[in-house]
Amino acid sequence: MSARTLPLLFLNLGGEMLYILDQRLRAQSIPGEKARKDEWTDVDRKRVMNDIITTMFNKKFMEELFKPQELYSKKALRTVYDRLAHASIMRLNQASMDKLYDLMTMAFKYQVLLCPRPKDILLVTFNHLDTIKDFIHDSPGILNQVDETFRQLIETYGGLSAGELQLIRQTLLIFFQDMHIRVSIFLKDKVQNSNGRFVLPVSGPVPWGTEVPGLIRMFNRNGDEVKRTEFTTGGNYVTPQREGSFDLYGDRVLKLGTNMYSVSRPVETHMAGSSKNPASHAKESTVPNPLAKEELNFLARLLGGLDIKKPGGSETGFRLNLFTTDEEEEHAALTRPEELSYKVINIEAMQEPGRRAELSRILGELEVAEPRPESAGKGEDLLALMDTL
């Protein structure tokens, strides 16, 4: 696995999360002069987007994220996104958060599958960041945060070889391989089957720098071409006009990673295929995770910079529903299998004397495996780290 995958996974999933939240907030917004105290307005929407983006691109957070490290489990990442989604006055209940995470993961999985070449994962990431910058175009301070992350991406990934980028793509595909959640947009566009698996096209532009298939050339031992044979391909391939820009500003050419929710249409998610198998998920939650302590270290560092904004004074938190009606949301919460729900672990960077007991409780809930000799002392390292936060 690649130790450089985590920033790309986090930023692209975060971009999809912001697309979905923006679409739902716009759909539920009421003109300011007509809105009641408990209803969303466009001012509230901008505030939520600004707060989440500010937290997401926090300098300390990004520094921790870009450190070379193994990719962590789905549960650990889900914890980060749950915290991130609640970094403003917005509140999501369990069913809406489940749906949000399902939409995020399936959208990015589809984009990774469709990347013509491994390097294009960077263009997908740049598309997400370009759109995020549009969300906060009138907030120069937050724009600078996003631009700084852009520069980190260019510096970190711009010089990687094709093999290193291919390893990153394979790491992402391994992360997504058991996720087969049906999404209405994909089903309607016929890019996803009823079992939740994606349909990959056999036509379209070939990767930049490659030729359209249909010709076999044979060479002798001296490297001279001696024969050509043409064959019929199963698709209609074309040569791309130009390569997408990998600069801070530029035309990315590739459309993967742009906002597919810009045209309003309802989006539903349904569990399908192997995702409905309770045994497999029960196994995932009961088998001890040898990386659990390392994940806690990771979460302690990352979540230390993610402060949930609690409404102050008379201000109340606004609830966002990702379903069409409250009844649908309640039904989803009741019918979703318990083994598919994520238990969120809240790690607070507290200075109170009781924090050691709390950490011990969390470690117990994670069913941490007995440490191997080379990993001895990880728990003590975590407690020492928490002391410094």
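**Exercise 1. Aromatic pairs**

How many aromatic pairs does the count come to by the ring-centre rule? Classify one pair that involves F10 and place its two rings in the fold.

Solution. The model is predicted.

Step 1. Rings of Phe, Tyr and Trp pair if their centres lie within 6.5 Å. By this rule the count comes to eleven aromatic pairs.

Step 2. Take F10 and Y81. Their ring centres are 5.4 Å apart, with 15 degrees between the planes. Planes under 30 degrees apart count as stacked. The F10 and Y81 pair is therefore stacked.

Step 3. Locate the partners. F10 lies in helix α1 (residues 6-28) and Y81 in helix α4 (residues 74-85), so the pair ties together parts that are 71 residues apart in sequence.

Step 4. Check the burial. F10 has a relative accessible area of 1% and is buried. Y81, at 0% relative accessibility, counts as buried too.

Step 5. Widen the view. F10, F61, Y81 and Y101 form one aromatic cluster.

**Exercise 2. A pair across the chain**

Which geometry, stacked or edge-to-face, does the pair of F126 and F246 have? Say where the two rings sit, and find a charge over one of them.

Solution.

Step 1. The centres of F126 and F246 are 6.4 Å apart, and the planes make an angle of 70 degrees. An angle over 60 counts as edge-to-face. The F126 and F246 pair is edge-to-face.

Step 2. F126 is in helix α6 (residues 120-135). F246 is in the loop between β6 (237-238) and β7 (269-271). The two are 120 residues apart, and the pair links distant parts of the chain.

Step 3. Both F126 and F246 are buried.

Step 4. Now look for a charge. K119 lies over the face of F246, at 4.6 Å from the ring centre. A second case involves K74: its charged end sits over the ring of F175, 4.9 Å from the centre.

**Exercise 3. Helix α5**

What span should helix α5 have, and what is the distance between its end C-alpha atoms? Then describe its start, its burial and the surroundings of M97.

Solution.

Step 1. Helix α5 (residues 94-114) has 21 residues. The expected span is 1.5 Å times one less than the number of residues. That gives 30 Å. The end C-alpha atoms are 31 Å apart, which agrees.

Step 2. Go to the start of α5. A side-chain oxygen of N93 comes within 3.2 Å of the backbone nitrogen of A95.

Step 3. Of the 21 residues of α5, 18 are buried, so the helix is largely enclosed by the rest of the structure.

Step 4. Pick M97, which is in helix α5. M97 counts as buried at 1% relative accessibility.

Step 5. List its contacts, leaving aside neighbours within four places in sequence. M97 touches R78, Y81, D82, A85, H86 and L92. For Y81, the C-alpha distance to M97 is 9.2 Å, at 16 residues apart in sequence.

**Exercise 4. A serine in a loop**

Is S88 buried or exposed? Which side chain does its own side chain contact?

Solution.

Step 1. S88 is in the loop between α4 and β1 (90-91).

Step 2. At 0% relative accessibility, S88 counts as buried.

Step 3. The S88 side chain makes a polar contact of 2.8 Å with the side chain of D51.

**Exercise 5. Positive phi**

What is the phi of K190, and what is that of V253? Compare where they lie and how exposed they are.

Solution.

Step 1. K190 is not a glycine, yet its phi is positive, about 60 degrees. V253, also a residue other than glycine, has phi near 65 degrees.

Step 2. K190 lies in the loop between α9 (184-188) and β3 (204-205). V253 is in the loop between β6 and β7.

Step 3. K190 is exposed, with a relative accessible area of 68%. V253 is partly exposed, at 29%.

**Exercise 6. The whole chain**

How many helices and strands does the protein chain have? Add its burial, contacts and surface.

Solution.

Step 1. The secondary structure comes to 14 helices and eight strands.

Step 2. Of the 389 residues in the protein chain, 46% are buried.

Step 3. Consider contacts with a separation of 6 or more. Residues 24 or more positions apart account for 79% of them.

Step 4. The accessible surface is about 19700 Å², and 53% of that belongs to carbon and sulfur atoms.

Conventions: Residues are numbered from 1 along each chain as its sequence is written. This is a predicted model: local features need pLDDT of at least 70, side-chain atom pairs count only at pLDDT 80 or more; totals for chains, interfaces and linings use all residues. Side-chain values use heavy atoms; hydrogens and water are left out. Rings of Phe, Tyr and Trp (its six-membered ring) pair if their centres lie within 6.5 Å; planes under 30 degrees apart count as stacked, over 60 as edge-to-face and the rest as tilted. Helices (H or I, at least four residues) and strands (E, at least two) are DSSP runs, numbered from the N terminus. Buried means under 20% relative accessible area, exposed over 50%, partly exposed in between (1.4 Å probe, protein chains only). A charge sits over a ring if NZ of Lys or CZ of Arg is within 6 Å of the ring centre and within 35 degrees of the ring normal. A polar contact is a pair of N or O atoms within 3.5 Å; within protein, one must be able to donate a hydrogen and the other to accept it, and residues adjacent in sequence count only if both atoms are side-chain atoms. Contact means heavy atoms within 4.5 Å. Accessible areas come from the Shrake-Rupley method with a 1.4 Å probe; for residues, only the protein chains shown count as cover.
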